[in-house]
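Here are a few exercises to work through with the model open beside you. Try each task before you read its solution.

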Amino acid sequence: MGTNGSSSRYLTARRFVAAALATAAIGFAAVGTADADSLRKGRVEVLELKVQNDQYEVLDLGTAGPSLGDMDVYSGATVQGGRSVGRGGGSCQVVQLHGGEVTKQCLITMEVEGGSLAMQSLWTTGSSAPLDMAVTGGTGAYAGAHGIVRFWDIGTPDERARAEIQR
């Protein structure tokens, strides 16, 4: 990408989205610390987490600058009580461009104790609202899981997430 202002804003927005998604992936990983027996049908497991992003790559596919198909790929760890409790990763792909807004479809898969979890959301760059991701399922002890993971302060050292998971 060039060094003009719009390219710089685009790269900043892409990194913000990548960090947000890494956060989402990481937030879900902490579910592995919960006792699987405590996740009885109808019971909500609430996790308050800090997020530590470790890797991300911005793929500018097609024409330079924002274009359909561009991707962010990321991974990271979730911290609870000062210790790492899980890991996860995923990707966000540009699915719509409207003026200066870039909307991405984000998918995350998390490895957790006893199985894996999946989540997804749409994310529009530049939004100051928290990012909510839907828990769309799981495997093993988390088969049939659903819920929501909300992220705040995405891409900052204060990034945090609150997961509310049912199965």
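**Exercise 1: the first hairpin turn**

In the hairpin of E2 and E3, which residue takes a positive phi, and how many residues lie between the strands?

Before solving, some ground rules. This is a predicted model, where local features need pLDDT of at least 70, side-chain atom pairs count only at pLDDT 80 or more, and totals for chains, interfaces and linings use all residues. Residues are numbered from 1 along each chain as its sequence is written, and side-chain values use heavy atoms, with hydrogens and water left out.

Step 1. Find the strands, which are DSSP runs of at least two residues, labelled E and numbered from the N terminus (helices, H or I, need at least four). E2 covers residues 71-80, and E3 covers residues 83-98.

Step 2. Look at the link: two residues sit between the strands, and Gly81 has the positive phi, near 60°.

Step 3. Check the pairing, which requires DSSP to find at least two bridges between two strands. E2 and E3 run antiparallel over 10 bridges, with Tyr74 opposite Gly90 of E3.

**Exercise 2: on to the next hairpin**

Work out how E3 connects and pairs with E4.

Step 1. Start at the turn: this hairpin has two residues between its strands, and Gly99 takes a positive phi of about 60°.

Step 2. Count the bridges: 11 of them hold E3 and E4 in an antiparallel pair. As a register mark, use Arg87, which faces Glu111 in E4.

Step 3. Carry on to the other partner of E4. Strand E5 (residues 115-124) runs antiparallel to E4, joined by 10 bridges, and Ile108 stands opposite Met119 of E5.

**Exercise 3: the disulfide**

Which cysteines does the disulfide join, and what is its handedness?

Step 1. Search the whole structure for cysteine sulfur atoms within 2.5 Å of each other, the cut-off for a disulfide. You'll get one hit: Cys92 and Cys106, with S to S at 2.2 Å.

Step 2. Place the two ends. Cys92 belongs to E3 and Cys106 to E4, 14 residues apart, so the pair links distant parts of the chain.

Step 3. Read the torsion about the S-S bond: it is about 115°, so this disulfide is right-handed.

Step 4. Ask about burial (buried is under 20% relative accessible area, exposed over 50%, partly exposed in between, using a 1.4 Å probe and protein chains only). Cys92 counts as buried because its relative accessibility is 0%, and Cys106 is buried too, at 0%.

**Exercise 4: Thr103**

Is Thr103 buried or exposed?

Step 1. Locate Thr103 in strand E4, which spans residues 101-112.

Step 2. Take its relative accessible area, 10%; that puts Thr103 among the buried residues.

Step 3. List its contacts (heavy atoms within 4.5 Å). Leaving aside neighbours within four places in sequence, Thr103 touches Gln93, Val94, Val95, Gln96, Leu122, Trp123 and Thr124.

**Exercise 5: the whole fold**

In what order do the eight strands close into a barrel?

Step 1. Read along the sequence: the pattern is α-β-β-β-β-β-β-β-β, from one helix and eight strands.

Step 2. Follow the pairing: the barrel closes in the order E1-E2-E3-E4-E5-E6-E7-E8, with antiparallel pairing.

Step 3. Finish with the totals. Buried residues account for 42% of the 167 residues. Among contacts between residues at least 6 apart in sequence, 51% join residues at least 24 apart.
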